Each structure stands twice: as structure tokens, then as C-alpha cells.
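Colleague: Pick one part of this model and take me through it slowly, please. I'd like the surroundings too, with the cut-offs spelled out as you go.

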Amino acid sequence: PVPAELPAGKAHHVLGLEGNMWTEWVPNQDRYDFQVYPRMAALAEVAWSPANLRNWQDFSARMETHAKRLTVLGVKYGMPEEVTTEGASLVGKWTAPQMKEAGLEIEWDVTALTEAAGKYEASLWYTTGSAAIQIEWVALVQNGKEVQRDTHLGWSGTDKRDIVYRFQLKKPVAGARRVVRAWVRPLGGLDSNGEVYLRKVK
């Protein structure tokens, strides 16, 4: 690839390209995969294919097959998540002053929204700040006792991955206080702000 503003007579000085990955704020292999793939395939396409042969539709079709290969290999590649707050209620927020480098437990009251038995989904949406959060688990708690915990790594920043956590409430206790509780850790600093939503699925 040659920058358009580079004079034609100097194009021969461009020997190739590279893709650097700085890992100071990459906590694990899953996050590394998310940030590198499928960008690496796109980088290779630009580096190895003559400009006149590059075709977005063709590349996209080939990427569908390549994505299946990555899945078989266990690569946690990044693709846009179809997650929405439609039909969900805002139950609380997290703010930069709350954040701790080592991580912390935060909870939000959901008593009024969980009076009926059923399945619920909580989602944590980063909104502003220079830091994302890594979510280790989210639980539904009733009168101080965990009803159910969904444990998986989520990431909520300018890009989002696996930010939906699910639980089932079989027997809501009348008069009980219920909260959504989460363990989160800011990455890239402490400046992270976001919103928490809850939706009843069934």
C-alpha cells in the first residue's frame, strides 16, 4: 500500500507494512485474539494482494470461511456483537471515581424489576472514559444470597464483547431486596464510566 499523497517517484521506497500489537493493557489470550483477529487477515490481504485485485465482496466471502477455521482453532476473534438495550431498563451506572486498579465488586438494586419469576439478562455498557472494564462475573442476589451467577469474561469499552449475563429467578421472595452484583476491573487506567441494564426475557 502506498499513501496517495506520496509522489509516484518515491513509491519504491515503501517496502511493505507491519501490524504492531502493544500488550501493556491486554490481560489475557482471549483479549489478544479479539484485538488481533480478524484484523491480521485484512492486513495480509492489503500486504499481499495487488491493488487492482483487491475486492471487498470477495474478501468478505473468504472471511466467512476463515472465521470458521478460527472458531475450530479456538481463536476468540473479534466480530461485532448484536447486543441491544431495547426492552431493557437502566438500573444503575459505574463511574471513574469508583474504579480500583485491582478490581472491585459493584451492585445495583433491581428489586422493583424482578418481582416475577423468570429469566433475566443484565448487560454492562461502557459509555465514556479512556479505560474499558473487564467483567469477570455477574450474579443475581436476593436478600444477600446469590440466586445464580454467570461467570465468563466480558469486555466493555469502545468495543464490546460478551457483555450480557443471564440468570433465572425461580422463587422471588415477597419483600426481599434483590441486586445485580458484578466483579469488574478497569483496564487502561481508571477513567471508565458506564450503564447497567436489566431485561426480563421470559
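**A strand and its surroundings**

Modeller: Let's come in from the side: glycine 103 sits in the loop between strand 1 and strand 2, where strands (E, at least two residues) and helices (H or I, at least four) are DSSP runs numbered from the N terminus. Bear in mind that this is a predicted model, where local features need pLDDT of at least 70 and side-chain atom pairs count only at pLDDT 80 or more, while totals for chains, interfaces and linings use all residues. Numbering starts from 1 along each chain as its sequence is written, and side-chain values use heavy atoms, with hydrogens and water left out.

Glycine 103 counts as buried because its relative accessibility is 10%; buried means under 20% relative accessible area, exposed over 50%, and partly exposed in between, with a 1.4 Å probe and protein chains only. What does glycine 103 touch, once residues up to four places away in sequence are set aside? Its contacts (heavy atoms within 4.5 Å) are Trp183, Val184, Arg185 and Pro186. Valine 14 is another story: 89 residues away along the chain, its C-alpha atom is separated from that of glycine 103 by 45 Å.

That takes us to strand 8, the part I'd look at. Strand 8 spans residues 178–187, and 8 of those 10 residues are buried. Strand 8 belongs to an open sheet of 5 strands, ordered 2-8-4-5-6 with antiparallel pairing. The edges go to strand 2 and strand 6 (160–161), each with a single partner strand, so one side of each has no neighbour in the sheet. By the rule used here, two strands pair if DSSP finds at least two bridges between them.

On one flank, strand 8 pairs antiparallel with strand 2 (residues 104–109) over 6 bridges, and alanine 182 in strand 8 is the bridge partner of isoleucine 106. Strand 4 (residues 132–142) also runs antiparallel to strand 8, joined to it by 10 bridges; there, glutamine 134 stands opposite arginine 185. Out at the far end of the order, strand 5 (residues 145–156) and strand 6 pair antiparallel over 2 bridges, with arginine 161 in strand 6 as the bridge partner of tryptophan 155.

Now zoom in on arginine 181, which has its place in strand 8. Buried or exposed, then, is arginine 181? Buried, because its relative accessible area is 17%. Leaving out residues up to four places away in sequence, arginine 181 touches Glu105, Ile106, Glu107, Trp137, Val138, Ala139 and Val141. Its side chain makes a polar contact with the side chain of glutamate 107 at 3.0 Å. A polar contact is a pair of N or O atoms within 3.5 Å; within protein, one must be able to donate a hydrogen and the other to accept it, and residues adjacent in sequence count only if both atoms are side-chain atoms. Leucine 113, 68 residues from arginine 181 in sequence, is 15 Å away from C-alpha to C-alpha.

The nonpolar side of the story is next. In soluble globular proteins, nonpolar side chains tend to be buried together. Here the largest nonpolar core has 23 residues, and those with the most contacts inside it are Trp94, Trp108, Leu124, Val138, Phe167, Val180 and Val184. Such a core is a set of buried Ala, Val, Leu, Ile, Met, Phe, Trp, Tyr and Cys residues joined through side-chain atoms within 4.5 Å. Strand 8 is one of its suppliers: at least two core residues each come from strand 1 (89–94), strand 2, strand 3 (118–128), strand 4, strand 7 (164–169), strand 8 and strand 9 (193–200).

Strand 9 also holds arginine 199, whose side chain reaches the backbone oxygen of threonine 84 at 3.3 Å. Not counting neighbours within four places in sequence, arginine 199 is in contact with Thr84, Thr85, Glu86, Gly87, Ala88, Lys119, Tyr120 and Glu121.
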